[in-house]
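Please take a moment to look over the sequence and the three-dimensional picture before reading on. The paragraphs below walk through one helix and then a group of strands.

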Amino acid sequence: MSKLVIVESPTKARTIRGFLPDDYQVEASMGHIRDLPASASEIPARYKGEEWSRLGVNIAADFEPLYVIPKAKKKVVKELTQALKEADELILATDEDREGESIAWHLTQVLKPGVPVKRMVFHEITDDAIREALEHCRPLNNKLVQAQETRRILDRLVGYTVSPLLWKKIAPKLSAGRVQSAAVRLLVQREQDRRRFKSGSYWDLKALLEAKEEQFTAQLIALGGARLATGKDFDENTGKIPKGKRVVLLNEAQARELADQLLKGEWQVGDVNEREQTRSPAPPFTTSTLQQEANRKLNMDAQQTMRVAQQLYERGLITYMRTDSVHLAKQALTRIRECVEEKYGADYLSPSPRQYRTKAKGAQEAHEAIRPAGQEMPTAEELELTGQEYGLYDLIWKRTMATQMADARLLFTTIQITVRSEAKDATFRASGKRVLFPGFFRAYVEGADDPNGALDDQETILPPLAVGDPVTCRELEPIKHDTKPPARYTDATLVKALESEGIGRPSTYASIISTIQDRGYVSKSGRQLVPTFTAFAVNHLMEQHFPDLVDLEFTAQMEQVLDDIADGDSEGLPYLKTFYLGDNGLDHQVKAKEEQIDPREIHAIVIDDLEVKVRVGRYGAYLEQDHDGDVIRVSLPDSLPPGDLDNAAIERLLREKAQGPTPLGYHPDTGEPVYVLIGPYGPYVQQGSNGENNGANNNGGKKPPRVSLLKNMKPEEITLEQALALLALPRTLGEHPETGKPVDAGIGRYGPFVRHDDSYRSLTKEDNVFTIDLARALELLAQEKGTRRAAVVVREIGPHPDDGELIAIYEGRYGPYVKHGKINASLPKGADVEKLSMEQALELIEKKKAQKPRKRKTGKKSKSTE
């Protein structure tokens, strides 16, 4: 007989198998083997008639959950059951957090083992850690299981109770969530702050100075004894400086006149100040800080970061990646300090080991920070990692090493230069910084990819000057500044905000951001998370009628209750009863609000400074204006952020609706008007008007030529020359030397391309569709052969649980698909390739296998084939 060890994934199973004796059999559960019903088809027949079955939770029976085994997991359960028959002991080695504890508990409920059951936990997959875990197995932690089950039921109650109300009152397919709705509110509030913001302008002077044969720059900070205005002096609601504030505000004319006068003045050093400062390294990574730094440095979103971190963990390269602890084990500390001494020398080692304390609100989950696993702690180069795995592991390795390195010592120098002239006396300031000892900067600088390059960037050396030394002004440039609205959230800053507010937990940040994008509440513009008008409408309803569900403090309190349940300080059932069935419980609220909410009122988005109404309907957002008794409606483009909608844009959209667009100019060859328009998929240029003939000849009223703007082009800044260049696409670059057929460059659905004989290649960021030549186009076209573009691997999901053959997602000619062997299964429309689980991939593959092959049509030959 053998001992059966069950983990979540095949990769984890394969790694652990190498550390266990031969009589241990390791199998993968492929995540959860059962869950609440995902659809009506999964509800067992005996429950379909029950009113509560739609929820998947029997409220009347003390919120008893209805767990079902999805079709895709039945084979996994069958195989695990068979493996258990041949074992004399069951060891559950799923992850050490609540989710892992829940998976282990569900396995015991489904498999019903008749042999001893042990729970094995570890935070890294190494030989020592696995052996240690085997010697210290424990029973299942029912407190963690109850906390996870309460969380799952809460999420189901909120989602399945409030979402149908959104369908009725706003639009189909919308959703509310216990955590996602609070996150959406944060984004909407920031966009509202941007809308209210009024920009202000101010000018200052930048001087290029020379002293002791060295040049440096200085900024004007005071004039006639009064401080010069900066961005912090402006009222963000008016764009003006409040009355009574004693600062000098320069306009362009004043700044230029002042520059001319000061150039004739006498410049000398008025004050020199030096201060030394030490900087200590940041703590090792938690889930939150890893996601933030990977977003800043590697441009990886939260979902990508967690996927790659999971791969590194399951391969035994890093410790467990879902944690909010910054603690480092004593054994790990010793090895880290040895690595620092080996790589950087004893001078760069901190005098004593550093330990950090966790400060995150509601900290829980695993018990150690994210660091390289084991005792060797090799570098990314030594492991021969590539791609995102290299980038993320290198980030973790360097951050970990930095924690045990010496402080950096910096010298800051401030020199004030006084200028006496016919105008008022002026004061300029030059700031310098010198790295006296780099310390941990040698390994890691936050927000910098190259520590050595960052050290150079951090230094600004000023000449050695003393009070009274003369200074020569070589140049004096007037500079205009505009105050900026609050920045939109990115993955990094939203994760930081969620953590600081106590909303969600380390294991949920990535899924929160992914969910609000999938639901259409957020779109991405570069790294910015931009809330949509739909998000505004849903948030409006939630704030008006379910304020607790979007209240940050209330949401954080719910998280604390779940933590209390996990710690054994609270019970789940009483809380569920109060939350759902209490006098002001969710069930009562939804039933009451269903009658009270007026859809027309909720559809309207309240934006105070706009002269028209903005509404959200089944087909998206639109403007509505009463005009002489008639109602004019204009669709709002998906690409227009709510924060950028102003009365000027509204006036243009309404004018184009009523009168047609104003032409940018006229085509020099045809005399047709050239427009810049905005459609559902973004801005584009158009030659001719809709319904008009194109060119001099009648061609049957075809659609006028249209070309999308490039990503870096703004509609309001497009010139006629640029529009004509776009309309001239595709342009012929020459003939292909092998075929004699033309090679073109143009812009298509997926951006700029080169084309030859129906074979396309996308241009790189360095290429320009307007200037690319034949030689470069031929180089791109030669990168792959054939008339059809080879499918590209987008993401490896993992080995198939049956045959071990790789399951991966490819980007094909008609979109992304899952591939296993010879089976190709298209992803559903809107599916997130980064979020697709092994379970979902297996389900798609099984559905594809079950499809009958299409029969070819037979019958009479068409004339074209005879």
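## A covered helix and neighbouring strands

The buried residues of helix H8 are Thr287, Ser288, Leu290, Gln291, Gln292, Glu293, Ala294, Asn295 and Lys297, where buried means that a residue has under 20% relative accessible area. The model in which they are seen is a predicted one. With 9 of its 12 residues buried, H8 counts as mostly covered, and the elements that cover these buried residues include helix H9 (302-314), helix H12 (387-402), helix H14 (491-501) and helix H15 (509-518).

The helix itself covers residues 287-298, and the distance from its first C-alpha to its last is 15 Å, which is close to the 16 Å expected at 1.5 Å a residue. After H8 comes Asn299, a residue whose phi is positive, near 60°.

From the helix we can turn to strand S25, which is made of residues 742-748 and is also mostly covered, since 5 of its 7 residues are buried. Strand S24 (residues 731-735) runs antiparallel to S25, and the two are joined by 4 bridges; in one of these pairings, Arg731 has Ala745 of S25 as its bridge partner. S24 and S25 form a hairpin with 6 residues between the strands, and in this hairpin Gly740 takes a positive phi near 75°.

S25 also pairs with strand S26 (residues 751-756), again in the antiparallel sense, over 6 bridges. How many residues lie between S25 and S26 in the hairpin that they form? There are 2 residues between them, and the bridge partner of Gly748 in S26 is Gly751.

Terms used
Residues are numbered from 1 along each chain as its sequence is written. This is a predicted model: local features need pLDDT of at least 70, side-chain atom pairs count only at pLDDT 80 or more; totals for chains, interfaces and linings use all residues. Side-chain values use heavy atoms; hydrogens and water are left out. The expected span of a helix is 1.5 Å times one less than its number of residues. Buried means under 20% relative accessible area, exposed over 50%, partly exposed in between (1.4 Å probe, protein chains only). Contact means heavy atoms within 4.5 Å. Two strands pair if DSSP finds at least two bridges between them.
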